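Hi everyone, thanks for making the time. I'd like to walk you through a structure that is probably new to most of you, so let me put it up on the screen.

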Amino acid sequence: QVQLQESGPGLVKPSQTLSLTCTVSGGSITTNYYYWTWIRQPPGKGLEWMGAISYSGTTYYSPPLKSRTSISRDTAKNQFTLQLNSVTPEDTAVYYCARDLDGTRSYDYWGQGTQVIVSS
């Protein structure tokens, strides 16, 4: 059974960098052909795909967020990380990590989500 768990600060100040880690258990992040994804849901809005890192380490980003987003991984720890720079209150959301089966945004496992509030 694959499990994903997000971790990171729940409160970030405007203009700072939001950093979240997703720890994966029950399966390796290097296994073909999974894509490890970050998704967020602002209050009262739908899910927003932010980006992903593939089993081979290739990264993909949502165009509107690309200039502020970085996704990386630590294969030894079986973790992948989201960094979002220059945050504003509009980045307040529940952030999820998820496993995409094959890059087609078909998700089979999700983390429980972590609330991040951007406020001074």
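Let's start with an arginine. R40 has a relative accessibility of 5%, so R40 counts as buried. Just keep in mind as we go that this is a predicted model.

So which residues does R40 form salt bridges with? One partner is E48, and there the closest N and O atoms are 2.7 Å apart. E48 has a relative accessible area of 25%, so we call E48 partly exposed. The other one I want to show you is D91, which forms a salt bridge with R40 at 2.8 Å between the closest N and O atoms. Now look at where these two sit: R40 is in strand β4, residues 35-41, while D91 is in the loop between β8 (79-84) and β9 (93-100), so this pair ties together parts that are 51 residues apart in sequence. D91 is buried, and R40 is too.

D91 has another arginine to deal with. R68 forms a salt bridge with D91, and the closest N and O atoms are 2.9 Å apart. Here again distant parts of the chain get linked: R68 is in the loop between β6 (59-61) and β7 (69-74), D91 is in the loop between β8 and β9, and they are 23 residues apart. Both R68 and D91 are buried. Put the shared partners together and you get one network of salt bridges, made of R40, E48, R68 and D91. For the whole structure, the salt bridge count is 4.

Okay, on to the greasy part. The largest nonpolar core has 24 residues, and the ones with the most contacts inside it are L18, W38, F80 and Y95. Which strands feed into it? At least two residues each come from β3 (18-25), β4, β5, β8, β9 and β11 (114-118). β3 gives the largest share, with 4 residues. To see what one of those well-connected residues does, take L18: leaving out residues up to four places away in sequence, L18 touches V12, L82, Q83, L84, V87, Y95 and V116. There's also another core, lying apart from the big one, with 5 residues, among them Y35, I39, A52 and A98.

Let me zoom in on I53 for a second. I53 is in strand β5, residues 48-54. Is I53 buried or exposed? Its relative accessible area is 4%, so I53 is buried. Beyond residues up to four places away in sequence, the contacts of I53 include Y34, Y35, W36, I71 and F80. With Y35 in particular, the C-alpha atoms are 5.6 Å apart, even though I53 and Y35 are 18 residues apart along the chain.

Now for a sheet. Four strands make an open sheet in the order β1-β3-β8-β7, with antiparallel pairing. The edges are β1 (3-7) and β7; each has a single partner strand, so one side of each is left without a neighbour in the sheet. From one strand to the next, the twist averages 20 degrees.

Let's follow that sheet in from the β1 edge. β1 and β3 run antiparallel and are joined by 5 bridges. For example, Q3 has S25 in β3 as its bridge partner, and Q5 is matched with T23 in β3. As a general point, side chains in a regular strand alternate between the two faces of the sheet. You can see that along β1: L4 and E6 point to one face and are buried, whereas Q3, Q5 and S7 point to the other face and are not.

Last stop is further into the sheet, at T81. T81 sits in strand β8. With a relative accessible area of 17%, T81 is buried. What does the side chain of T81 make a polar contact with? That would be the side chain of T21, at 3.5 Å. Setting aside neighbours within four places in sequence, T81 is also in contact with other residues, including S19, L20, W38, S70, I71 and S72.

If you take one picture home, make it the network where salt bridges join R40, E48, R68 and D91. That's it from me, happy to go back to any of the views.

Conventions:
Residues are numbered from 1 along each chain as its sequence is written. This is a predicted model: local features need pLDDT of at least 70, side-chain atom pairs count only at pLDDT 80 or more; totals for chains, interfaces and linings use all residues. Side-chain values use heavy atoms; hydrogens and water are left out. Buried means under 20% relative accessible area, exposed over 50%, partly exposed in between (1.4 Å probe, protein chains only). Contact means heavy atoms within 4.5 Å. A salt bridge is a side-chain nitrogen of Lys or Arg within 4 Å of a carboxyl oxygen of Asp or Glu. A polar contact is a pair of N or O atoms within 3.5 Å; within protein, one must be able to donate a hydrogen and the other to accept it, and residues adjacent in sequence count only if both atoms are side-chain atoms. A nonpolar core is a set of buried Ala, Val, Leu, Ile, Met, Phe, Trp, Tyr and Cys residues joined through side-chain atoms within 4.5 Å. Two strands pair if DSSP finds at least two bridges between them. Axes are lines fitted to C-alpha atoms, for helices over the stretch in contact, and angles run from 0 to 180 degrees between N-to-C directions.
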